[in-house]
Amino acid sequence: DRTCQNCQSMELSADTDVMDTWNTSSLTPQICNHLFSPENDVFDTKTAKQFIPMAYRPQAHDIIRTWAFYTIVKSWMHFKTIPWNEIAISGHVTNPKREKISKSKENSPLSPQNLLKQYPADVIRFWTASGMLGQDVAFSENQFKIGNRLVTKIWNAFRFTKDHITSIKPQKISEIKLDPANQWIIKSTNDTFTLYQKYLDKNEFSLALNAIEDFFWRDFCDNYLELIKDRLFNPDGYDKNAIENTKQTLYYVGLRILQMYSPYLPHITEAIYQIIYKDTQKKESIHQTIFEFEKTPFEFEQNYEKMCQIINLISIIRKLKTEHQLSLKTIINELKICCKDTNIIETFKQEEETIKGITKAEKIIYSDKEDQTKLSAKEKEIKAVVQI
């Protein structure tokens, strides 16, 4: 309809002036101020200065000279202040041809709607978090598959955890006497959080994710869960207090893992929290909990190093079994550990119960001399020699 609504004239023509759209976009801090305080005049200097500078601006690298530059200039010219304290410059998502994926170009392998039909939202969020600041990230279905495996792994790990911690009354870890295995995982948990927080403070989200990823897969799943399985499944062979303290540790570490993963995988972590932790934590959501960081009681340097030596031994035995196509559950009738360092041998002796439980060794012999014999399998008789 080309009729004027006021005078009903039909002699109308379009305005030929072109306005730079960044002129409006550069006013985003002031517009945000108005949205949060609609009673205020968005251009009122006094009220705008109460809201500006904002904390944070996320944007891509292609609009530094437009959106970022124009916003900074207008904020300074109008209010004599910066528009925000920090700006995080991300990259673009590129297709297999290394082109920026654009809705207008329709050059995306899959639309967001189709992606959500194939993968959970957590998996897609995990992939987006893998991008480094200032760098483009390639669209990778392989990364989606990795995220999918992670979600499955987290669910399975906490299925195991749930069976052992739902009946306990959580205590402060600092008030519990911990054995070396539990001291090791507690220190590793808190060291991981320190690194995780360091990266988040710098908005390095992908590096923070890498920190929790490395801890969850290697320290928690590959090592700690394997270290404690035997004592949880065969409690009669262990001290009762050691079992209870292990459950307390498992509760503590599991919650910390969910808290660190929750910004990246909000749905799976929330689902697990509701099942396992909500009743004892007394918070409605994992996203309302606080990471209670108790650093002072967790400096277990000596026992931490000892457990690293034991984990190294266990890794060698696992590798030997794998090389000989033996199940990790295969019983070793006799395990001979050769090590010239008598202090390390003493460490192994102190934790022999744990080593036997995870390696399935029935008998362990120690020697300070070299032995070149390799793992042998003779029908029902399995012998192993480990050189350290």
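In these legends, the axis of a helix is a line fitted to C-alpha atoms over the stretch in contact, and the angle between two axes, taken between their N-to-C directions, runs from 0 to 180 degrees. All the views show a predicted model.

**Figure 1. Overview of the protein, a chain with 15 helices and eight strands.**
Of the 388 residues in the protein, 43% count as buried. Among the contacts with a separation of 6 or more, 72% are accounted for by residues that stand 24 or more positions apart in the sequence.

**Figure 2. Helices H9 and H10, whose axes come within 11 Å and cross at roughly 160°.**
Helix H9 covers residues 205-233, and helix H10 covers residues 240-261. Because angles over 145 degrees count as roughly antiparallel, H9 is described as roughly antiparallel to H10. The crossing of H9 and H10 is left-handed. On the side of H9, the residues that make the contact include Leu209, Ile212, Phe216, Phe220, Tyr224 and Ile228, while those of H10 include Ile243, Thr246, Leu250, Val253, Ile257 and Tyr261. Sorted by class, the contact between H9 and H10 has 17 nonpolar, two polar and three charged residues.

**Figure 3. The largest nonpolar core, with Tyr261 as one of its members.**
This core has 79 residues, and the members that touch the most other members are Ile154, Phe216, Phe220, Leu250, Tyr261 and Tyr277. Helix H9 gives the most to this core, with twelve residues. When residues up to four places away in sequence are not counted, Tyr261 touches Leu150, Ile154, Leu209, Ile212, Glu213, Phe216, Trp217 and Thr269. Two of the residues touched by Tyr261, namely Ile154 and Phe216, are also listed among the core members that touch the most others.

**Figure 4. Thr280 in helix H12, residues 278-281.**
Thr280 counts as partly exposed, because its relative accessibility is 32% and the partly exposed class lies between 20% and 50%. Leaving aside neighbours within four places in sequence, Thr280 is in contact with Pro170 and Tyr251. Thr280 and Thr166 are 114 residues apart in sequence, yet from C-alpha to C-alpha they are 9.0 Å apart in space.

**Figure 5. Helices H13 and H14, whose axes come within 10 Å and cross at roughly 85°.**
Since angles of 65 to 115 degrees count as roughly perpendicular, H13 is described as roughly perpendicular to H14. The contact is made by Lys306, Gln309, Ile310 and Leu313 of H13 together with Ile344, Thr347, Phe348 and Gln350 of H14. The residues in this contact of H13 with H14 divide into four nonpolar, three polar and one charged.

**Figure 6. Thr347, a residue of helix H14.**
Thr347 is buried, because its relative accessible area of 6% falls under the limit of 20%. Not counting residues up to four places away in sequence, Thr347 touches Lys306, Gln309 and Ile310. Although Thr347 and Ile310 are 37 residues apart in sequence, their C-alpha atoms are 7.9 Å apart in space.

**Figure 7. Helix H15 and the elements that cover its buried residues.**
The buried residues of H15 are Thr354, Ile355, Gly357, Ile358 and Thr359. The elements that cover these buried residues include helix H9, helix H13 (301-323), strand E5 (334-338), helix H14 (342-350) and strand E6. Thr354 has its place in H15, which covers residues 352-359, and it is buried, with a relative accessible area of 6%. Not counting residues up to four places away in sequence, Thr354 touches Leu227 and Arg231, and Arg231 is also one of the H9 residues that make the contact with H10.

**Figure 8. Lys360 and Gln8, two residues with a positive phi that are not glycine.**
Just after H15, Lys360 takes a positive phi of about 65°. Lys360 lies in the loop between H15 and strand E6 (364-367), and at 30% relative accessibility it counts as partly exposed. Gln8 likewise has a positive phi of about 65° although it is not a glycine, and this residue lies in the segment before helix H1 (22-25).

Notes. Residues are numbered from 1 along each chain as its sequence is written. This is a predicted model: local features need pLDDT of at least 70, side-chain atom pairs count only at pLDDT 80 or more; totals for chains, interfaces and linings use all residues. Side-chain values use heavy atoms; hydrogens and water are left out. Helices (H or I, at least four residues) and strands (E, at least two) are DSSP runs, numbered from the N terminus. Buried means under 20% relative accessible area, exposed over 50%, partly exposed in between (1.4 Å probe, protein chains only). Contact means heavy atoms within 4.5 Å. Angles under 35 degrees count as roughly parallel, over 145 as roughly antiparallel, 65 to 115 as roughly perpendicular and the rest as oblique. A crossing is left-handed if the near helix is turned anticlockwise from the far one by less than a right angle, and right-handed if clockwise. Ala, Val, Leu, Ile, Met, Phe, Trp, Tyr, Cys and Pro count as nonpolar, Asp, Glu, Lys and Arg as charged, and the others, Gly among them, as polar. A nonpolar core is a set of buried Ala, Val, Leu, Ile, Met, Phe, Trp, Tyr and Cys residues joined through side-chain atoms within 4.5 Å.
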